[in-house]
Amino acid sequence: MTNPQNSEEQHLDGYAQILTDACATGRKLTRQERESLRQGGEQAAEAGVGLRALVRAHLRTARDVRTRMTTAEAGHLLAAVEEAVDAFAEGHERAQHLAVRQEEAARREFIDDLLYGRSDLGRLAARAERFGLLLSHAHAVAVAQGDDPYEDGHPVTRRVEQSLVTRFGDRRILLTTKDGRLICIAPGDQSDVLTHFAKQAHAATDGGRVAVGRPHPGAGGVVHSYEEALNALDLAARMDLEGPVLHAADLLVYPVLTRDRQAMSDLVRSVLGPLQLARGGAQPLLDTLTAYFDTGCVAAEAARRLSLSVRAMTYRLERIHKLTGSDPGDPVHRYTLQTAVVGARLLGWPEQPL
């Protein structure tokens, strides 16, 4: 069996001689000696030997060297050891910092390839295991967006990550950031992870919004779920959707409505186009229809949301009926009007011309 001390002391080559030479005259270590010690520290770090164990090895070697010194030489030993250990530790830390930067770069490259699907799927799956993911299984992605951009190492990111680690331990979860957003990738059958992430991210981002994509299998499934979550955030902004957490599964009707953009444009133009003839343009009457439909066609509640009197609300609904020929209160007309209103919001009309 290998003696642990041997694995530490093999990285102290030349250290005893450096102490002996320096203490012979009480001089400081030369530049070459310090660089030699730094290189030894780097090599030890690359070999995975911990700094505490190496410092103990330095002190053991110093005690052995002292037994062969005169009293005068021994008087310089402590200063020489301090210089030597400092140089060695500098090299050890330098190697560790480099390793961390390389690991961060590899992780960032993997995240980019994973979320954009830019790498060979087989190679991507092999790399994923290093970061705790088994891409042979289905995964779902949640994306949190706040007022501020968040990066790896940001206090908000660390807070959410610590909460996930404390709650779920070593489950195969990956928390990262992309384009200023927090991203959590979890196995598709562990919805509790994404639910917890959503709760913590909403709180940590001071009321930010979270979107959760559907589970999909394979490496391509992660990209698909991620894009669903991003699209849900975009929909929420365009449609003024309420609620801090959005599930892509609940919003499937919107992609269906916009799948044929030309048909939707024609519907909006045909049904709502006449509203542009109203004084003040189409937007006030479009807002009226939006509030009316969002409140379940309750005119009084819609009026309250728009800070209008019920009388003014009723007038607007009558004006819409007159201009479009469709009565918002008529169940037959209501579906067409409501679909057109949703389409207008999705297409950004009337601000964006059709």
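Hi everyone. Let's start with a pair of helices: the axes of H13 and H16 come within 10 Å and cross at roughly 115 degrees. Before I go on, please keep in mind that this is a predicted model. Two packed helices are described by the angle between their axes and by the distance between those axes. As for handedness, the crossing of H13 past H16 is left-handed.

Who touches whom here? On the H13 side we have Leu286, Leu289, Thr290, Phe293 and Asp294, and they meet Arg334, Leu337, Gln338, Val341, Ala344 and Arg345 of H16. Sorted by class, that contact holds six nonpolar, two polar and three charged residues.

Now keep H13 and H16 on your screens, and we'll move to the pockets. The largest pocket has a volume of about 620 Å³. Its lining is made of 26 residues, and those nearest the centre are Arg238, Met239, Asp240, Thr290 and Arg345. Two of those names should sound familiar: Thr290 of H13 and Arg345 of H16 also take part in the helix contact I just described.

Which elements give two or more residues to this lining? They are H10, residues 218–239, H11, residues 253–258, H13, residues 283–294, and H16, residues 331–347. H13 provides the largest share, with seven residues. In terms of chemistry, the lining of this largest pocket splits into 14 nonpolar, four polar and eight charged residues.

On to the second largest pocket, which has a volume of about 270 Å³. It is lined by 15 residues, and closest to the centre are Asn231, Leu235, Leu251, Tyr254 and Pro255. H10, H11 and H16 each supply at least two residues of this lining. This time H10 gives the most, with six residues. The classes here are nine nonpolar, two polar and four charged.

Let's turn to another helix pair, H8 and H9. H8 covers residues 155–168 and H9 covers residues 191–204; their axes come within 10 Å and cross at roughly 145 degrees. The crossing of H8 past H9 is right-handed, whereas the one of H13 past H16 was left-handed. From H8, the contact uses Val156, Arg159, Val160, Ser163, Leu164, Arg167 and Phe168, and from H9 it uses Asp192, Val193, His196, Phe197, Gln200, Ala201, Ala203 and Ala204. By class, the residues of this contact are nine nonpolar, three polar and three charged.

If you follow the chain past H9, you reach a loop that runs to strand E4, residues 209–212, and Asp206 sits in that loop. Have a look at its backbone: phi of Asp206 is near 55 degrees, a positive value in a residue that isn't glycine. For context, most residues other than glycine have a negative phi, and most peptide bonds are trans.

That brings me to a peptide bond of the other kind. Where is it cis? Between Trp349 and Pro350, with omega at about 10 degrees. Pro350 belongs to the segment after H16, the helix whose residues we met in the linings of both the largest pocket and the second largest pocket.

Last topic, charges. Side chains of opposite charge can pair when their charged atoms come close. Across the whole structure, a search finds 17 salt bridges. I'll show you one of them: Asp86 pairs with Arg34, and their closest N and O atoms are 3.4 Å apart. This salt bridge ties together distant parts of the chain, as Asp86 is in helix H6, residues 77–116, and Arg34 is in helix H3, residues 31–46, with their positions 52 residues apart.

That's my tour. Thanks for listening, and I'm happy to take questions!

Technical notes
Residues are numbered from 1 along each chain as its sequence is written. This is a predicted model: local features need pLDDT of at least 70, side-chain atom pairs count only at pLDDT 80 or more; totals for chains, interfaces and linings use all residues. Side-chain values use heavy atoms; hydrogens and water are left out. On a 1 Å grid over the protein atoms alone, a cavity is a set of points where a 1.4 Å probe fits but cannot get out, and a pocket is an open set with protein on both sides within 12 Å along at least five of seven lines; lining residues have an atom within 4 Å of a point. Grid points are joined across faces, edges and corners, and a volume is the space filled by probe spheres set on the points. Helices (H or I, at least four residues) and strands (E, at least two) are DSSP runs, numbered from the N terminus. Ala, Val, Leu, Ile, Met, Phe, Trp, Tyr, Cys and Pro count as nonpolar, Asp, Glu, Lys and Arg as charged, and the others, Gly among them, as polar. Axes are lines fitted to C-alpha atoms, for helices over the stretch in contact, and angles run from 0 to 180 degrees between N-to-C directions. A crossing is left-handed if the near helix is turned anticlockwise from the far one by less than a right angle, and right-handed if clockwise. Contact means heavy atoms within 4.5 Å. A salt bridge is a side-chain nitrogen of Lys or Arg within 4 Å of a carboxyl oxygen of Asp or Glu.
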